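Here's a short set of exercises to work through with the model open beside you. Try each task before reading its solution.

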Amino acid sequence: MKKYISLFFLLSIFLFVLAGCSSKDLPLLNNDKMLNNEQEEKEALSNDILGISFAAEGVTKTGIKLVCIQGNKDFSEELFTGSSFWLEKKEENQWISIESILDFAWTSEAWIINKNSKTEWEINWEWLYGELTAGSYRLGKEVTAFRETGDFDTYIYYVYFEIAD
C-alpha cells in the first residue's frame, strides 16, 4: 500500500511540474551529440548530473525502443519520467518541432528509472506524428529528480536517430 501511495505522490508532483514549467526553462542534457560507441556512452554518463544516457534501438518510421541507462552516480533522488515525448527534425542545422496530427492530452504515468540499471520502453509515434520521412531526428523527454515534497528538479534529455529512405 505504501508503494501505491508513494507512486501516487510522485505522480502528483510530476503533474505539478508539467503544469508549472515550460520546456524552455529546463536544463538540457545529452543534447549535444549522438552516442556512437561504448566509450562515448561512458563519458556521457560520467559527465551527466543524473548519470543518465538515452539510446535508440530498432528505429522504424513509426517508433523506436528507447533505452535509458542510469550509471553509477551517487545521489539520493528518485528518478522518473512519463509517457510524454516530442519529436524534432533537423533542418538546415536547426531542430524544428514536428507538428502532431491530432489534438490530445498526455496521460500522467510516472515511469521509475531505477538506479544503476538499464530500462527500455517501446515508443510508437505513428498515432501522434504519422510515419516519419527520411532525415535526422531527436526525441525529447523530461526526467525528474525528486528529493522530497517541493524539492525536485526536471531536466530535458534527447535521443538522436536517423530515418532512411
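**Exercise 1. A loop residue**

Is I101 buried or exposed? Then work out where I101 sits and what it touches.

Solution. This is a predicted model, so everything here is computed from predicted coordinates.
- Step 1: I101 has a relative accessible area of 55%. The cut-off for exposed is over 50%, so I101 counts as exposed.
- Step 2: To place I101, look in the loop between β6 (94–97) and β7 (111–113).
- Step 3: Skip the neighbours within four places in sequence, and I101 is in contact with E126, W127, L128, Y129 and G130.
- Step 4: Take one of these, Y129: its C-alpha atom is 5.5 Å from that of I101, though the two residues are 28 apart along the chain.

**Exercise 2. The overall layout**

How many helices and strands does the protein have, and in what pattern do they follow along the sequence?

Solution.
- Step 1: Count three helices and 10 strands.
- Step 2: Reading along the sequence gives α-β-α-β-β-β-β-β-β-β-α-β-β.
- Step 3: For burial, 42% of the 165 residues count as buried.
- Step 4: Among contacts with a separation of 6 or more, 71% come from residues 24 or more positions apart.

**Exercise 3. A three-stranded sheet**

Which order do the strands take in the open sheet of three, and which are the edge strands?

Solution.
- Step 1: Start with β2 (residues 52–57) and β3 (residues 63–70), which pair in the antiparallel sense over six bridges. One of the partnerships to check is S53 with I69 in β3.
- Step 2: Look at the hairpin of β2 and β3: five residues lie between the strands, and G58 has a positive phi near 55 degrees.
- Step 3: Move on to β3 and β8, which run antiparallel and are joined by eight bridges. Here I64 has I123 of β8 as its bridge partner.
- Step 4: Put it together and the order is β2-β3-β8, with antiparallel pairing. The edge strands are β2 and β8, as each pairs on one side only. From one strand to the next, the twist averages 25 degrees.

**Exercise 4. The nonpolar core**

Which residues have the most contacts inside the largest nonpolar core, and which element gives the most to it?

Solution.
- Step 1: The largest core has 30 residues, and I52, F54, W125 and L139 have the most contacts inside it.
- Step 2: Elements supplying at least two residues each include β5 (86–91), β8 (117–124) and α3 (126–129). The top contributor is β10, with eight residues.
- Step 3: Zoom in on W125. Beyond its neighbours within four places in sequence, its contacts include I64, F85, L87, L132, L139 and F161.

**Exercise 5. Aromatic rings**

Why does the pair of Y137 and F161 tie together parts that are 24 residues apart in sequence?

Solution.
- Step 1: The structure holds 12 aromatic pairs. Y137 and F161 make one that is stacked, at 5.8 Å centre to centre with 10 degrees between the planes.
- Step 2: Y137 lies in β9 (residues 135–148) and F161 in β10 (residues 151–163), so the pair links parts 24 residues apart in sequence. Both residues are buried.
- Step 3: Elsewhere, F85, F104, W106, W127 and Y129 form one aromatic cluster.
- Step 4: One more ring to check is that of Y158: the charged end of R138 sits over it, 3.8 Å from its centre.

Conventions. Residues are numbered from 1 along each chain as its sequence is written. This is a predicted model: local features need pLDDT of at least 70, side-chain atom pairs count only at pLDDT 80 or more; totals for chains, interfaces and linings use all residues. Side-chain values use heavy atoms; hydrogens and water are left out. Rings of Phe, Tyr and Trp (its six-membered ring) pair if their centres lie within 6.5 Å; planes under 30 degrees apart count as stacked, over 60 as edge-to-face and the rest as tilted. Helices (H or I, at least four residues) and strands (E, at least two) are DSSP runs, numbered from the N terminus. Buried means under 20% relative accessible area, exposed over 50%, partly exposed in between (1.4 Å probe, protein chains only). A charge sits over a ring if NZ of Lys or CZ of Arg is within 6 Å of the ring centre and within 35 degrees of the ring normal. Two strands pair if DSSP finds at least two bridges between them. A nonpolar core is a set of buried Ala, Val, Leu, Ile, Met, Phe, Trp, Tyr and Cys residues joined through side-chain atoms within 4.5 Å. Contact means heavy atoms within 4.5 Å. Axes are lines fitted to C-alpha atoms, for helices over the stretch in contact, and angles run from 0 to 180 degrees between N-to-C directions.
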